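Trainee: I'd like to learn how to read a structure like this one. Could you take me through a few features?

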Amino acid sequence: MASLCLDTADGRRSAWVRNWTLWKYFQSYFPVKLVKTHDLSPKCNYIIVSHPHGVLSFGAFVNFATEATGFSRIFPSITPFLATLEGIFWIPIVREYVMSMGICPVSEMALKHKLTQKGSGNAVIVVVGGASEALLCRPGVSTLYLKNHKGFVKLALKTGAYLVPSYTFGENEVFNQETFREGTWLRFFQKNFQKIGKAILGLNFCTFHGRGLTRGSWGFLPFNHPITTIVGEPLPIPKINDPDKETVTKYFELYISALRKLFDQYKVEYGFSETQELTII
């Protein structure tokens with residue numbers, strides 16, 4: 001396990017794969033956009049925290065695992081590493097493919113390696129809401145599953161990496177989720193399907209749909225709704241080898257405050273009303 005984590009942590013990044021023309025077509029379908037609000041200094045390391053998870057996290061993938069939106073141009077001298085499920089790296093061929101895009105396991109060992117053993121100018125991107133948050137993602141909803149996910153703050157304190165809030169507007173609009181009425185066979189199937197997925201793979205499966213091959217039809221293609229990721233201001237974090245709970249909570253609250261500020265600043269511009277609030281559970 002340790003050797004796998006270190007191997008995947010070092011990675012086999014390929015600029016050629018990250019610049020495939022395919023990704024540009026994928027980006028233009030929605031389209032996906034990356035917006036910088038502050039510079040990221042190459043003298044520091046960063047944990048970019050991505051919200052919301054959405055159903056498939058298209059914004060995080062396109063913006064940080066490819067060059068389709070020009071990450072290297074927008075954030076020069078910063079190397080991004082999008083973190084995802086460790087189980088993917090046990091699959092032959094798939095493992096090599098995702099590593100070539102700079103994707104790494106979302107394990108403490110792998111992330112800590114990126115932030116402490118590879119110099120400065122590195123940014124790991126963590127979609128902290130995970131599969132639990134995916135179940136909350138519906139059009140018009142801005143609910144994050146975050147209060148019990150403080151591990152990213154503890155990692156920042158252990159490594160001294162700056163925390164960077166980011167919010168992807170439009171991520172929840174590309175699919176519709178279905179919750180069937182209690183007492184129906186569809187609801188019975190849905191609940192048991194989710195239980196099996198949780199027990200076997202550790203995943204929460206959601207029931208969703210998008211559009212078909214023709215506009216207005218039903219299918220599993222995502223709706224081509226604009227997706228815009230706003231990367232906020234870096235929050236300086238002190239390096240503490242063994243932070244206590246009070247310190248973790250303190251910087252977690254500071255992070256939440258910065259995230260709310262970012263959301264409120266851009267929500268009207270990207271589709272929400274002035275009265276829309278960011279809900280954190």
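Mentor: Sure, and let's begin with naming: helices (H or I, at least four residues) and strands (E, at least two) are DSSP runs, numbered from the N terminus. With that, glycine 129 can be placed in the loop between strand E5 (122–126) and helix H8 (130–134). Keep in mind that this is a predicted model, where local features need pLDDT of at least 70, side-chain atom pairs count only at pLDDT 80 or more, and totals for chains, interfaces and linings use all residues. Residues are numbered from 1 along each chain as its sequence is written, and side-chain values use heavy atoms, with hydrogens and water left out.

Trainee: Is glycine 129 buried or exposed?

Mentor: Buried means under 20% relative accessible area, exposed over 50%, and partly exposed in between (1.4 Å probe, protein chains only). Glycine 129 has 1% relative accessibility, so it counts as buried.

Trainee: Which residues does glycine 129 touch?

Mentor: Contact means heavy atoms within 4.5 Å. Leaving aside residues up to four places away in sequence, glycine 129 touches Tyr145 and His149. Its C-alpha atom is separated by 7.5 Å from that of histidine 149, which is 20 residues apart from it along the chain.

Trainee: How do I read aromatic pairs?

Mentor: A pair of aromatic rings is described by the distance of the centres and the angle of the planes. Here, rings of Phe, Tyr and Trp (its six-membered ring) pair if their centres lie within 6.5 Å; planes under 30 degrees apart count as stacked, over 60 as edge-to-face and the rest as tilted. A search of the whole structure finds 21 aromatic pairs. Take tryptophan 20 and tyrosine 97: their ring centres are 6.3 Å apart and their planes are at 25 degrees, so this pair is stacked.

Trainee: Where do tryptophan 20 and tyrosine 97 lie?

Mentor: Tryptophan 20 is in the loop between helix H2 (15–18) and helix H3 (21–29), while tyrosine 97 is in helix H6 (residues 94–100), so the pair ties together parts that are 77 residues apart in sequence. Tryptophan 20 is partly exposed at 27% relative accessibility, and tyrosine 97 is partly exposed too, at 33%.

For an edge-to-face case, look at phenylalanine 152 and tyrosine 255, with ring centres 5.2 Å apart and planes at 75 degrees. Phenylalanine 152 belongs to helix H9 (residues 151–159) and tyrosine 255 to helix H11 (residues 245–266), so this pair ties together parts 103 residues apart in sequence. Both phenylalanine 152 and tyrosine 255 are buried.

Trainee: Which residues do ring pairs link into a cluster?

Mentor: The cluster holds Trp16, Trp20, Trp23, Phe26, Tyr29, Phe30, Phe58, Phe61, Tyr97 and Phe175.

Trainee: What about a charge over a ring?

Mentor: That label needs NZ of Lys or CZ of Arg within 6 Å of the ring centre and within 35 degrees of the ring normal. Arginine 13 lies over the face of phenylalanine 81, 4.6 Å from the ring centre. Likewise, lysine 150 has its charged end over the ring of phenylalanine 252, at 5.1 Å from the centre.

Trainee: And unusual backbone angles?

Mentor: Most residues other than glycine have a negative phi, and most peptide bonds are trans. In this model, the peptide bond from phenylalanine 30 to proline 31 is cis, with omega near 0 degrees. Another cis bond runs from histidine 51 to proline 52, with omega near -20 degrees; proline 52 is in the loop between strand E2 (46–51) and helix H4 (58–65).

For phi, serine 57 has a positive value of about 55 degrees. This serine 57 sits in the loop between E2 and H4, and at 11% relative accessibility it counts as buried. Serine 77 has a positive phi near 70 degrees, but at 57% relative accessibility serine 77 counts as exposed. Its loop runs between helix H5 (71–74) and strand E3 (79–84).

Trainee: How many residues of H9 are buried?

Mentor: Seven of the nine residues in H9 are buried, among them Phe152, Val153 and Leu155. The buried residues of H9 pack against E2, helix H7 (108–116), strand E7 (162–169) and H11. Just after H9, glycine 160 has a positive phi of about 75 degrees.
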